[in-house]
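Student: I would like to go through the charged residues and the core of this protein. Please show me the sequence and the structure.

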Amino acid sequence: NETAVCRMTELGVHLFRLNMSHTSIDDLEDTIGRIRSWTDVPISLDSEGAQLRNGPMQSEAVEFNAGDKVTIHGSHMVGDAANLYFNPASVEKQFQVGDEIQVDFNHVRLKVIEAGGGAFIAEVLEGGIIGSNKAADLSRDIAFEPLTEKDKAAIEIGRRLKITNFAMSFTNRAEDVAVMRAACGPGTTIIYKIESPAGLRNLNGILEAADEILIDRGDLSRRVPIEQIPFLQRRIISLTRSKGKAVYVATNLLESMVTTKSPNRAEVNDAVSTLEMGASGLVLAAETAIGKYPVEAVSMVRALISEYEKWTPNTSIEEILDR
């Protein structure tokens, strides 16, 4: 809302990110206009990118039970407990019997057991709840275009409205950098997001081509063991800064503030440790997108950055307490 955006502006937010994974293309122009009427802070359009997602569901809490059978359809439809559709369009043509599909970060796990008749049949291995447009992962790599048709349409709208900041989700190879640059055109600033094993393996090539990157710890942790994330974060930050380029970190920085007014101790330590590793900036996601306390979350990040900027290895306990 306007009050929250204005207060965040006062607190020094550098960008307001519009995530195209959760923004309707039909609403995009109005949303940009509304934000611009509230603040002069630039808007960044963040692409959907090369990611598997389920389609719309009958409700935001459709329950799936272990042992149930689910039909995976090849054409757009509204899903329920017995039917699913996955985006981008036609991606299901790459599914194979034996594939496992995990929907919404451990919520539901499916196994493809039968193919035929333009659809696949899957068995629910682990039950849970699925809502609309949730991220999904396949048990093996499949081919994706780096930009979806919706991304291309959003970028065109952004260019027409003089948006100059963009982000590319699931940057998997150096060639993706060129694709995004060509789509966004000259005079734009693009952050390339590292959130897949392919992006990690091709990081050196991506860094040679990109100006700025972002580590999305959430999507990355769906594809690599979570215990590896702290060490991957350290290595990516170190490598990026050694090349003189900016690197940002996102996901779960102040996750508890989605529902509570204050962060926990581990979160504030994580945020400051991330800055001490050399991160150029911190990116809030759920905390400001769906959280109950978006302004308080931004205020906390501002306070942590202010303390970090005052800190030196020689700072005494008395100096900290007397601030």
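Student: In this predicted model, is Lys150 buried, partly exposed or exposed?
Tutor: The relative accessibility of Lys150 is 24%. Buried requires under 20% and exposed requires over 50%. Lys150 therefore counts as partly exposed.

Student: Which residue does Lys150 meet in a salt bridge, and where does that partner lie?
Tutor: The partner of Lys150 is Glu48, at 3.8 Å from N to O. Glu48 counts as buried, at 15% relative accessibility. Lys150 is in helix H3, and the pair links distant parts of the chain, 102 residues apart. Glu48 lies in the loop between strand S2 (43–46) and S3.

Student: Glu48 is also the nearest side chain of opposite charge to Arg53. Why does Arg53 have no salt bridge?
Tutor: A salt bridge needs a side-chain nitrogen of Lys or Arg within 4 Å of a carboxyl oxygen of Asp or Glu. Arg53 is buried, and Glu48 is the nearest side chain of opposite charge. Arg53 has no salt bridge because the limit is 4 Å and the distance to Glu48 is 5.6 Å.

Student: Which residue has its backbone oxygen 2.8 Å from a polar atom of the Arg53 side chain?
Tutor: Arg53 lies in strand S3 (residues 52–54). Not counting residues up to four places away in sequence, Arg53 touches several residues, including Tyr85, Phe86 and Asn133. The backbone oxygen at 2.8 Å belongs to Asn133.

Student: What does the side chain of Asp176 reach at 2.9 Å?
Tutor: Asp176 is found in helix H4 (residues 174–184). With a relative accessible area of 3%, Asp176 is buried. Its contacts beyond four places in sequence are Pro146, Met168, Phe170 and Thr171. At 2.9 Å, the Asp176 side chain reaches the backbone nitrogen of Asn172.

Student: How many residues apart are Arg160 and Glu29?
Tutor: Arg160 and Glu29 form a salt bridge, with the closest N and O atoms 3.0 Å apart. Arg160 sits in helix H3 (residues 149–160) and Glu29 in helix H2 (residues 28–38), so to speak of distant parts of the chain is fair. The separation is 131 residues.

Student: How many residues does the largest nonpolar core have?
Tutor: Nonpolar side chains tend to be buried together in soluble globular proteins. Among the residues with the most contacts inside the largest core are Leu28, Leu45 and Phe166. Leu28 is in contact with Leu45, Ala154 and Ile157, among others. The largest nonpolar core has 36 residues.

Technical notes. Residues numbered from 1 in each chain as written. Predicted model: local features only at pLDDT ≥ 70, side-chain atom pairs only at ≥ 80, totals over all residues. Heavy atoms only, no water. Helix = DSSP H or I, 4+ residues; strand = E, 2+ residues; numbered from the N terminus. Buried < 20%, exposed > 50% of the residue type's maximum accessible area, 1.4 Å probe, protein only. Lys, Arg positive; Asp, Glu negative; His and termini not counted. Polar contact = N/O pair within 3.5 Å; in protein donor to acceptor, adjacent residues only side chain to side chain. Contact = heavy atoms within 4.5 Å. Core = buried A, V, L, I, M, F, W, Y, C linked by side-chain atoms within 4.5 Å.
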